[in-house]
Amino acid sequence: MNSSLPGAPLVAMENVTVRFRGAQTVHAVNGVTLTLEPGKVLGILGESGSGKSVTLKTLLRLLPESRTDIGGSVMVDGRDVLALGPQKLADYRGRVTSMIFQDPMLALDPVYTVGEQIAEAITRHEKIGRREAMQRALELLQLVRIPSPVRRLKAYPHEMSGGMRQRAMIALALAARPKLLLADEPTTALDATVQIQILLLLRQLQRDLGMGVIFVTHDIGVAVEVSDRLAVMYAGQIVETGTVRELISNPQHPYTKGLLAANLHGARKGERLEAIPGAPPALNEAPSSCSFAPRCRQAVEACQNSLPPAVTLGEGRIVRCVQTEAALQPA
Amino acid sequence: MSLALYVEDGSDRGGAGTPLLEARALTKHFPLGRGAVVRAVDGVDFQVLKGETLGVVGESGCGKSTTARVVMQLIPQDAGQMLFDGEAVGSAALSLKDYRRQAQMVFQDSYASLNPRLTIEDSIAFGPTVHGVAKTGAIARARDLLARVGLDPERFAARYPHELSGGQRQRVNIARALALGPRLVILDEAVSALDKSVEAQVLNLLMDLREEFGLTYIFISHDLNVVRFISDRVMVMYLGEVVEIGPVDELYEDPRHPYTRALLSAMPSMDPDNRTMEAPLAGDPPNPINPPEGCRFHPRCPQAQTVCAKAKPALTPTGTGARLAACHMEIPGSGHSRAPALEDAA
């Protein structure tokens, strides 16, 4: 095994850029640098088009290769993900890094039973017989606490409820005991009472199995519920990182502040919300200045002239804003 | 030209004390064949007072959207009655056409709600022309309304729906709903598909319009934070029935129905030091086909007792008295061990 050195991060993305070619070029990710320690949970928070899902898919090389340009470096568990050949990539997917999605109906195959799908994922990575694989599949369904697991092993996805399908998809993702689980809005389509069940399950599985998790969501409440650290994305860049506590109690970037206000964090009834005006930018050009400046109430001339600096406020606490930099410098 | 002129039917016929809308035993069942029936809305009673916002919450399948569609008369009820400002909807005093001019709806899917072949000013003007307004006048109104919802008519009036963002399209849908000068606007997950930063803009707009036009809202949403923020009173539905209804702060701070309590405690805490440790309910929302006997929540209720499986609890005054809850624990002498004694009620 080419596992990483002790103490090395599980995930290290360095200045990653993702560009989609086509009738219009889209600069979806513009210089993302992030690390994840083994056994930790990073929440990536952002709105539609912020590049959070693209960042996640880059880690699993799920983007269409023929029209995607990826720059920078992506290391997971000591592997250079962008350099993996077809066979190595197939071994990597599921075994080292696995992913769960918003819509389990699309992630599960409708013509196979849940048990068959999980068993297939196990035998793809381990030399064991079908009977043993089915036994393992049963254990996985028990692990994700699906009621009557023996019966559900033989069920097709459409025979399950939404929350149960989500659990089955988690079981499938865990089939080859990955070190890194990528979660792309896995609870967004669920009712609140089911969402909290799935979040608690993911939290427990992550702890029990010691997995690293990157959890992408647009919902701050959900991110706070599951994450150790947060990264806020806007227009393909991470604008602020820190622990959950730091970001919620002391947000620095104007976009993070606006997002918290828009989530009615401390909003008072009947008062107007501090809404962020305007809409996110089109991404047909790589940013050369602060992407948030056109919507920012605190924007100054410097914001239009160059990319904002990544200001380090503490370990893993980074804010991309000229105001943060100015505040640090003695007058 | 003042926008207030559009509110032709704003005359308060019944007086301030009469609810703007009163639903009495509203029922809508969908037969599935072979005797199976989805009891989507099953004997729902509620009032919407003039000028208030009534929030409606509940899990998927609880009947909140079907209730909205029946209130809007997009689908007819199987039983029950609706009074609008004291007059029965569909009666000689208030024809369906007159009612529909005064009640309008905004849906979740901003794109599916607009005709892709009409420019947005034509979409907004369409309703008024159907109701007899001359085309030029209707277009002028449409442009005024576009400006009012924050879309510059010079830039946007001639555009087609696909040329707008989701937030902009939802503003168009709101403008269209206002084109006939309605008194009641039903917002069915109207901000749910929007990004949070855009959602906040639209919520601000809705609050401004409510003030300016003296509107009454029925605000349906799965987002309990948003409902708390915008509503005056909240109605909680479960499997086609109302389980609790009352003033928003009272209901959020001291929920009396165990289902309301569970729903509220399923909200993410927003506090990393005080995370949710236990899910309030197990399993998925049940199927509204063949709902349980007695209290429909009893199979999932931690406090259920024998009486709960046998008798259906009626909505009963609780809290300060402005609130109703359908739970045997609130009904004096119901037979539940936690129910108040009969003499307390007297």
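Trainee: In this predicted model, what radius of gyration does chain B have, set beside that of a compact globule with 346 residues?

Mentor: The model is a predicted one, and its chain B can be set against a simple rule for globules. A compact globule with 346 residues would have a radius of gyration near 20 Å, and the value for chain B agrees with this. Taken along the principal axes, the C-alpha atoms of chain B fill a box of roughly 65 × 55 × 45 Å. The radius of gyration of chain B is 21 Å.

Trainee: What percentage of the residues of chain B count as buried?

Mentor: Chain B is built with 12 helices and 12 strands. Among its contacts with a separation of 6 or more, 65% are made by residues 24 or more positions apart. Of the 346 residues in the chain, the share that counts as buried is 49%.

Trainee: Which strand gives the most residues to the side of domain 1 of chain B that touches domain 2 of chain B?

Mentor: The domain assignment of chain B gives domain 1 as 19-237 and domain 2 as 240-268 + 290-345, and their C-alpha centres lie 29 Å apart. In the contact between them, 20 residues of domain 1 of chain B meet 19 residues of domain 2 of chain B. On the domain 1 side, the elements that give two or more residues are β2 (36-48), β3 (53-57), α8 and β9 (233-238) of chain B. The element that gives the most, with eight residues, is β2(B).

Trainee: How many residues on the side of chain B that touches chain A are nonpolar?

Mentor: The contact between the chains takes 34 residues from chain B and 34 residues from chain A. On the chain B side, two or more residues come from each of α7 (196-213), α8 (224-230) and α10 (258-265) of chain B, and the largest share, nine residues, belongs to α7(B). When the residues of this side are divided by kind, 10 are polar, six are charged and the nonpolar ones number 18.

Trainee: Why is helix α1 of chain A said to be largely enclosed by the rest of the structure?

Mentor: Helix α1 of chain A covers residues 52-59, and its buried residues include Lys52(A), Val54(A) and Leu56(A). Just after the helix, Arg61(A) takes a positive phi of about 50°. The helix is called largely enclosed because, of its eight residues, the number buried is seven.

Trainee: Which residue with a positive phi follows α1(B)?

Mentor: Helix α1 of chain B, residues 64-71, is mostly covered, with seven of its eight residues buried. Among the buried ones are Lys64(B), Ala68(B) and Val71(B). After this helix comes a residue whose phi is positive, near 60°, and that residue is Gln73(B).

Trainee: Which residue in β4(A) stands opposite Glu14(A)?

Mentor: Four strands of chain A form an open sheet in the order β2-β1-β4-β5, with antiparallel pairing, and its edge strands, each pairing on one side only, are β2 (26-36) and β5 (79-80) of chain A. Strand β1 (residues 11-20) of chain A is joined by eight bridges to strand β4 (residues 68-76) of chain A, and the two run antiparallel. Opposite Glu14(A), in β4(A), stands Ser73(A).

Note on methods
Residues numbered from 1 in each chain as written. Chains lettered and ligands numbered in written order. Predicted model: local features only at pLDDT ≥ 70, side-chain atom pairs only at ≥ 80, totals over all residues. Contact = placed C-beta atoms within 7 Å. Nonpolar A, V, L, I, M, F, W, Y, C, P; charged D, E, K, R; others polar. Domains from an automatic or database assignment. Buried ≥ 20, exposed ≤ 12 C-beta atoms within 10 Å, placed from the backbone. Rg over C-alpha atoms; globule rule 2.2 N^0.38 Å. Pairing = 2+ DSSP bridges.
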